Amino acid sequence: MAAQAQERQSACIVSIQVNPEGVGPRAEELEASLGEIDADVEEETEAEDSDPTEIDAGGAVSLVVTVVCSPARDLRGLAVVIRDQHGSAVGETGIVEFDGEINTTSELVVRAPLRAGEYDWLAVLPAHKADGVDYEEASTPFSIIVRAHATSVVVWDVPTAIVAGEMFRFKLGVKCSSDCPSTGWTFAVNDERGEEIAAGAFGNEPWRGTVALYYAEVEARAPTEEGLFDWTASAPGTGSDIPHEQRKVRFGVRAVRQPDCLIAIEAVDKASQLPIKGAKVVVHPYRTFTDDRGHAEVRVPKGAYRIFVSGADHVPYRAETEVLADKSIRAELLFDRAPTDADLWS
Amino acid sequence: MTKRSKTEPAAQTSDKRLTRREFFTQGAAAGVGVVALGGAGVASAGEPLPTTESIEWDYEADVVIAGGGCAGLTAAIRARDLGASVLVVDQNFDLGGRMLHSGSFLSLGGGDAIQQRDMRGDSDPEGFITVPPVEAPEELDDNVELLFTDMTDWSIVDPKAQSPYRYNEREQNRAWAENCPPTREFLMQNYVRFSRISGTHGGGGMSRARAPFCFFKLGDVTDIRAGTITAEDAGVADPERTSALAPVKMQDASEVVGPNAVMNGVALARPLEFSAREKGVQFMLARHFDELVREQPSAGRILGIKAHYSPRMNPNSGERLESYWQNGNIDERRDVVHIRARKAVILASGGHAGNPQVRSMFYPAMREPAFPTSGFALQGPHGQDASALMAGLKVGANLSGMQQNLSYSTTFHIATRLGTRDAYTDMFPGHPTFPFRGSTGLNVGNAGFEELIAVNQVGKRFFNEVRFPLRPGLSAYPGGPGQAVPNAGVEHKPLDWRNCRREWIRESYNYDHGLDAALAMNEGSTPPNYYSGPLWAIFDEDAVERTGWELRFPYVNEDNGYFFTADTIGDLARKIYQGHPFQRVPLSYLEDTVTTWNSYVEGGEDPEFERHLEAPMNPVARPPFYALSIMVIWHDSYGGLRVNGRHQVIDMMGAPIPGLYAGGEAVGGINKHGLGKGHVHGFIAGTNAAAEAAV
């Protein structure tokens with residue numbers, strides 16, 4: 001966001017760039033890494049947002065101030081002061097660059113207030129005297145909107161089919177938009193009627209491969225009736241002074257009858273007749289994978305099913321079948337040879 | 001949050017030294033070298049054409065060629081063989097153009113020497129070929145008449161219901177067919193070695209097998225004359241490195257040559273370059289062809305060209321990229337030079353696939369600059385930029401076959417290589433242009449698309465993912481129903497109305513319009529261009545575990561804007577918006593799309609695109625989450641300058657423009673994919689240009 005100062009009969013104009021910390025440098029690195037790239041998207045991405053910058057409560061705010069005087073003047077050595085809504089100085093940053101017209105400060109990183117709301121701050125170049133000329137104080141107001149931290153709730157590893165009334169386990173995670181450690185935050189799981197059926201606290205470590213997704217393993221009992229039920233998960237309690245938005249996420253729980261038939265799958269490559277290990281077997285809602293011998297077993301209640309055997313670089317095998325008793329299926333899969341460069345690029 | 005522009009071109013400042021070095025003359029025959037002249041051409045790009053009297057020529061040669069790819073190099077050697085001095089300018093820092101990272105599947109025919117060799121069952125002179133012929137003798141029994149018939153067969157309709165041969169220019173294709181056999185001989189005389197013939201390339205005809213690959217034998221040394229290459233140079237010694245000689249890994253050629261043989265465009269481009277340098281052709285690289293100089297704006301003879309300095313700098317070190325071989329290079333770094341052609345100029349600077357403004361005349365949605373032409377990292381920002389087309393139009397040239405971009409079924413397509421902007425080839429670190437792509441990409445194949453959901457720039461699904469990347473078959477031998485031709489192999493009947501009987505076309509039509517759905521306007525498309533924006537493959541950690549996809553450098557690169565990972569889908573959307581150079585709008589719908597998709601998986605039905613009928617659906621649920629770019633590639637281009645059978649450029653009144661020839665993708669009128677077109681064009685143009693009287 002760029003805010004333009006009103007000239008207060010001084011000869012200098014102050015403006016400021018406000019961003020959440022870390023936004024700017026990423027873009028510059030990308031330019032450098034890509035080197036040559038089409039330029040004609042430039043016009044469409046260059047438009048700047050004129051709205052106040054939104055910052056997470058307590059988050060880092062990056063401020064860079066520019067000052068232009070008329071006539072042009074080198075102000076290096078002077079400092080710009082940032083004042084908050086009460087007029088208190090929250091930081092000061094020196095002018096370090098002058099390109100013959102524009103003076104630019106070094107980046108100042110300050111913390112946003114902890115309470116959500118809109119704050120009107122001021123960047124002030126104090127009155128000074130240079131080369132015998134008096135310069136009045138110059139300043140520019142700018143606004144930042146401090147928002148509660150957003151949270152995301154993620155549910156995974158929910159079994160695709162659970163025998164009605166049986167216990168099952170799944171994972172539930174929470175992530176703060178500012179990567180707040182979420183250890184000890186509480187969660188709740190509600191069933192299709194809105195009744196809380198599980199609650200607890202998130203663990204000490206983020207889920208593997210994530211930066212700040214703290215998680216818990218949850219045990220619950222499936223509905224006693226067959227069907228697909230909408231459950232919800234939420235993270236209502238943070239125990240943090242920093243405000244966090246609450247988020248609720250829906251997920252499906254499918255309760256099924258007790259299986260009474262066995263489908264035995266043998267997956268082979270159609271051309272070589274060699275077994276395909278690791279092929280995905282989906283007999284909705286049941287899922288499994290073939291073993292090293294290309295074999296898989298799926299237990300299902302009697303009924304009509306569409307069977308897919310796929311993956312491992314093969315075109316999906318599909319069969320529609322009525323399962324009334326145990327049955328075996330030999331799935332011959334066509335290898336999906338991706339076109340080579342020689343196929344097309346000649 | 002402010003989204004900053006990330007598309008500022010890297011500074012490519014010219015070297016300001018104005019030293020004109022003596023050009024390298026090693027290997028040049030006496031009396032026929034390129035001449036460097038006094039004076040400095042100072043006209044600037046964008047100015048009106050200078051009057052011929054005002055031009056101070058900086059160099060002159062008998063034949064001046066714009067472009068050092070398959071057409072340009074062939075023309076250069078041919079003209080040089082016939083006694084002309086030849087200067088080739090190329091916008092890139094190295095020679096070869098697209099040919100260098102091609103598959104080298106070089107479809108000629110008409111009874112050429114390789115067809116005859118394979119009919120006899122002979123090997124090559126060195127005995128490198130140890131496998132028997134792939135095709136039966138009757139499949140190779142070809143002649144010029146049959147080839148010409150194939151190239152102009154009105155009855156062929158492809159699986160996309162397009163007619164690839166019907167609109168070909170007749171005189172030009174007659175000349176092409178007649179010159180296929182001598183071009184094959186010519187290439188063989190210039191160190192190019194051909195494998196067994198195996199089928200025919202798209203646009204090369206339906207009646208006979210006509211295409212071998214070009215190969216090297218792996219050996220202890222790289223020796224172009226001997227036909228050997230080291231494993232390191234071929235890019236096969238290290239699974240994750242290519243080389244400065246071979247930008248794309250050479251492929252196993254055991255089925256069409258024998259053990260320890262490798263093939264691709266390196267075995268075509270490098271031998272031709274080697275031969276050209278050996279014979280004294282001279283090169284001015286990093287020199288973009290800008291304009292033709294004609295006696296009068298639309299009349300008189302073509303006198304020469306204007307070209308500007310176009311160096312490429314390593315984006316990391318800032319150093320100027322240099323060609324693999326140097327002999328024959330003229331190190332000229334002035335911003336602009338004028339080069340006089342005593343006999344002729346040959347335009348061989350490629351097509352327009354790299355110029356979104358030009359290609360959009362065929363498909364407005366492809367004005368989208370997010371999608372480059374294939375091999376853009378190798379070719380650079382000026383590759384396939386329609387320079388020949390634009391220069392030709394300025395001097396009054398006519399056009400031909402412009403609609404044929406739509407008549408080759410894979411001209412623009414969805415790449416199955418994800419996570420790189422340069423999604424056609426698998427370049428690895430080792431070639432100096434790798435940094436321009438930053439990642440090799442991950443080729444997930446068609447089957448890989450069942451592991452992901454594909455979303456547009458606002459985060460919405462737009463098509464059944466498992467059909468999305470599928471491509472229609474090409475119209476090429478051996479044909480058959482898969483290529484929408486009723487009879488396969490030698491049973492095919494050219495010029496038979498039954499080939500395009502309405503009932504047959506209905507039966508054989510086989511095109512999914514996923515590409516078109518991908519290019520459709522969406523909530524993020526804004527006037528005036530209504531760009532459809534980037535495309536993203538979204539998947540989760542389970543998909544990675546299922547597939548074993550290697551999400552690491554060099555396959556993907558978290559810093560190049562084409563691969564992202566995040567703890568949540570919301571974070572993923574924000575990272576893409578912040579980090580991808582062409583992501584103009586937030587992926588506002590992505591979280592809802594994933595939530596909806598997961599509900600479809602739970603329910604076992606995809607009511608939007610009916611994916612459940614064709615392949616299993618997988619939830620996108622288990623963190624972390626991933627995004628890989630999906631690229632639409634505009635491969636090569638069709639349509640261009642109109643030429644006659646001598647490859648003279650024809651003006652709007654139907655007359656040849658004196659002193660101007662063209663070939664390869666710079667010309668239209670031949671819906672022939674790939675190298676076979678360019679080499680024969682170069683051979684014809686080089687022959688006729690050299691025969692012109694010097695002025």
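Buried means under 20% relative accessible area. By that cut-off B:Asp331, at 19% relative accessibility, counts as buried. Please keep in mind as you read on that this is a predicted model.

## Salt bridges

Let us stay with B:Asp331 for a moment. Its side chain meets that of B:Arg320 in a salt bridge, at 3.9 Å from N to O. Both B:Asp331 and B:Arg320 lie in the loop between β11 (299-309) and β12 of chain B, so the pair ties together parts that are eleven residues apart in sequence.

Over all chains, the structure holds 65 salt bridges. As general background, side chains of opposite charge can pair when their charged atoms come close. Here are three of the bridges side by side.

| Salt bridge | Closest N and O atoms |
|---|---|
| B:Arg210 with B:Asp142 | 2.7 Å |
| B:Arg225 with B:Glu278 | 2.4 Å |
| B:Asp331 with B:Arg320 | 3.9 Å |

Where do the partners B:Arg210 and B:Asp142 lie in chain B? B:Arg210 is in the loop between β4 (194-197) and β5 (212-218), and B:Asp142 is in the loop between α3 (137-140) and α4, so this salt bridge ties together parts that are 68 residues apart in sequence. B:Arg210 is buried, with a relative accessible area of 0%. Its partner B:Asp142 counts as buried too, at 8% relative accessibility.

The bridge between B:Arg225 and B:Glu278, with its closest N and O atoms 2.4 Å apart, joins a loop to a helix. B:Arg225 sits in the loop between β5 and β6 (228-229) of chain B, while B:Glu278 belongs to helix α7 (residues 266-279) of chain B, so the two tie together parts that are 53 residues apart in sequence. B:Arg225 counts as partly exposed, at 48% relative accessibility. B:Glu278 also counts as partly exposed, at 29%.

Both chains take part in one network of salt bridges, which links A:Asp157, A:Lys171, B:Asp542, B:Glu545 and B:Arg622.

## Nonpolar cores and a surface patch

In soluble globular proteins, nonpolar side chains tend to be buried together. In this model, the largest nonpolar core has 78 residues, and those with the most contacts inside it are B:Leu292, B:Leu347 and B:Phe468. Strand β12 (residues 336-347) of chain B gives the largest share of this core, with five residues. Apart from that core lies another, of 74 residues, including B:Leu106, B:Trp325, B:Ala348 and B:Ala690.

Strand β12 of chain B also holds B:Arg342, which counts as buried at 15% relative accessibility. The C-alpha atoms of B:Arg342 and B:Ala694 are 4.9 Å apart, although these residues are 352 residues apart along the chain.

On the surface, B:Trp154, B:Leu495 and B:Trp497 make a nonpolar patch of about 330 Å². B:Trp154 lies in the loop between α4 (144-151) and α5 (170-189) of chain B. Is B:Trp154 buried or partly exposed? With a relative accessible area of 39%, B:Trp154 is partly exposed.

## Aromatic rings

A pair of aromatic rings is described by the distance of the centres and the angle of the planes. The structure holds 25 aromatic pairs over all chains. One of them joins A:Phe187 and A:Phe202, whose ring centres are 5.3 Å apart and whose planes stand at 55 degrees, so the pair is tilted. A:Phe187 lies in strand β16 (residues 186-190) of chain A and A:Phe202 in the loop between β17 (196-201) and β18 (213-221) of chain A, so the pair ties together parts that are 15 residues apart in sequence. A:Phe187 is buried, with a relative accessible area of 6%, and A:Phe202 counts as buried at 4%.

The rings of A:Trp207 and A:Tyr215 have their centres 5.1 Å apart and their planes at 75 degrees, so this pair is edge-to-face. A:Trp207 is buried, with a relative accessible area of 4%, whereas A:Tyr215 counts as partly exposed at 26%.

Chain A also offers an aromatic cluster formed by A:Phe168, A:Phe170, A:Trp231 and A:Phe251. In chain B, charged side chains meet rings as well. B:Arg184 lies over the face of B:Phe194, at 4.6 Å from the ring centre. B:Arg270 lies over the face of B:Trp325, at 5.8 Å from the ring centre, and B:Trp325 is among the residues of the 74-residue core.

Notes
Residues are numbered from 1 along each chain as its sequence is written. Chains are lettered from A and ligands numbered from 1 in the order in which they are written. This is a predicted model: local features need pLDDT of at least 70, side-chain atom pairs count only at pLDDT 80 or more; totals for chains, interfaces and linings use all residues. Side-chain values use heavy atoms; hydrogens and water are left out. A nonpolar core is a set of buried Ala, Val, Leu, Ile, Met, Phe, Trp, Tyr and Cys residues joined through side-chain atoms within 4.5 Å. Buried means under 20% relative accessible area, exposed over 50%, partly exposed in between (1.4 Å probe, protein chains only). Helices (H or I, at least four residues) and strands (E, at least two) are DSSP runs, numbered from the N terminus. Patches are made of residues with over 30% relative accessible area and no salt bridge: like charges are joined within 9 Å, nonpolar side chains (Val, Leu, Ile, Met, Phe, Trp, Tyr) within 5 Å. Accessible areas come from the Shrake-Rupley method with a 1.4 Å probe; for residues, only the protein chains shown count as cover. A salt bridge is a side-chain nitrogen of Lys or Arg within 4 Å of a carboxyl oxygen of Asp or Glu. Rings of Phe, Tyr and Trp (its six-membered ring) pair if their centres lie within 6.5 Å; planes under 30 degrees apart count as stacked, over 60 as edge-to-face and the rest as tilted. A charge sits over a ring if NZ of Lys or CZ of Arg is within 6 Å of the ring centre and within 35 degrees of the ring normal.
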